Amino acid sequence: MAQAIEEWYKQMPIITRSYLTAAIVTTIGCSLEIISPYHLYLNPTLVVRQYEFWRLITNFLYFRKMDLDFLFHMFFLARYCKLLEENSFRGRTADFFYMLLFGATVLTGIVLIGGMIPFVSASFAKIFFLSNSLTFMMVYVWSKQNPFIHMSFLGLFTFTAAYLPWVLLGFSILVGTSAWVDLLGMIAGHAYYFLEDVYPRMTGRRPLRTPAFIKSLFADETVVVARPENVRFAAPPIQELHND
């Protein structure tokens, strides 16, 4: 059993493994009172005035107390983060990292701006950690890129992956958790999906091109796609939109 878990962990791609490890270590550390959540939560005042910039990162690592909800989110983090990195972003680790960076930036910006709007500021003021929202963003992006996959929810009913975010949102409402967290993830996910997949097809331009300095941090392996043998007059490969 232990060996199987070790093999499963080692086979995870680098970003998924790093994020999952950081999230589990941080949450366990808080549960054992080794780390205080008060030093991790998003506080714009402390970030700006006390230069506690680490809060911009640590608020994405803490998943509250270790309970069924924690296991639920760890499952979704491990599953959909891994699926994205191994499939949609295969051989493009830098692009995947940039997607997470974009999502974290959008989520932080929404909370900061929302806290300044009179009628909704009270709701945004209660959002201290955006880890669940970033996980939900990954679920949303995966569902958009794999809309026709058939899924089942607790064996009760089946649906296609395109409706997965909405099913999870409805489940959150049923169990009494805040829908704001899931909605923020959907907003960030849709922003990324539109700018990365929809807008480039409409205009031929890609506004979310990964910066060169981020690409230099990751040594991506070249993905080789085997072409069938004995095929004459095969159409030339279409240049991928993601290529520089």
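Helix packing and a hairpin in a predicted model

User: In this predicted model, how do helix α5 (residues 68-88) and α8 pack?

Analyst: Their axes lie 9 Å apart, at an angle of about 45°.

User: Why are α5 and α8 called oblique to each other?

Analyst: Set the angle of about 45° against the cut-offs. Angles under 35 degrees count as roughly parallel, and 65 to 115 as roughly perpendicular. The α5 and α8 pair fits neither class, and is therefore oblique. The crossing of these two helices is left-handed.

User: Which residues of α5 and α8 meet?

Analyst: On the α5 side they are D69, H73, F76, L77, Y80, C81, L83, L84 and S88. On the α8 side they are N132, T135, M138, V139, V141, W142 and Q145.

User: What makes α6 and α8 oblique?

Analyst: Helix α6 (residues 93-114) and helix α8 (residues 131-145) cross at roughly 125°. Roughly perpendicular covers 65 to 115, and roughly antiparallel means over 145. An angle of roughly 125° falls in neither range, so α6 and α8 are oblique. Their axes come within 10 Å. This crossing is right-handed. From α6, the contact uses F96, M99, L100, G103, A104 and L107. From α8, it uses S133, L134, M137, M138 and V141.

User: How do you know that β1 and β2 are paired?

Analyst: Pairing needs at least two bridges. Strand β1 (residues 150-153) and strand β2 (residues 157-160) are joined by 4, so they count as paired. The two strands run antiparallel. One partnership links M151 to F159 of β2.

User: What lies between β1 and β2 in the hairpin?

Analyst: There are 3 residues between the strands. L154, in the turn, has a positive phi of about 55°.

User: Where does UniProt place the feature "transmembrane region"?

Analyst: The unreviewed UniProt entry gives residues 20-41, 96-117, 123-141, 148-167 and 173-195. In the model, residues 96-117 are 86% helix and 0% strand, with end C-alpha atoms 32 Å apart. Residues 123-141 are 74% helix and 0% strand, and their end C-alpha atoms lie 25 Å apart.

User: How confident is the prediction, and where is pLDDT below 50?

Analyst: The mean pLDDT of the protein is 85, and 89% of its residues reach 70 or more. Residues 224-228 are below 50, with 3 contacts beyond near neighbours in sequence. Residues 230-241 also stay under 50, with 5 contacts beyond four places in sequence. Where pLDDT is low, predicted coordinates should not be read in detail.

How values were computed
Residues are numbered from 1 along each chain as its sequence is written. This is a predicted model: local features need pLDDT of at least 70, side-chain atom pairs count only at pLDDT 80 or more; totals for chains, interfaces and linings use all residues. Side-chain values use heavy atoms; hydrogens and water are left out. pLDDT is the predictor's confidence in each residue, from 0 to 100. Contact means heavy atoms within 4.5 Å. UniProt positions are given in the numbering used here, feature names are shortened, and annotations may be inferred rather than shown by experiment. Axes are lines fitted to C-alpha atoms, for helices over the stretch in contact, and angles run from 0 to 180 degrees between N-to-C directions. A crossing is left-handed if the near helix is turned anticlockwise from the far one by less than a right angle, and right-handed if clockwise.
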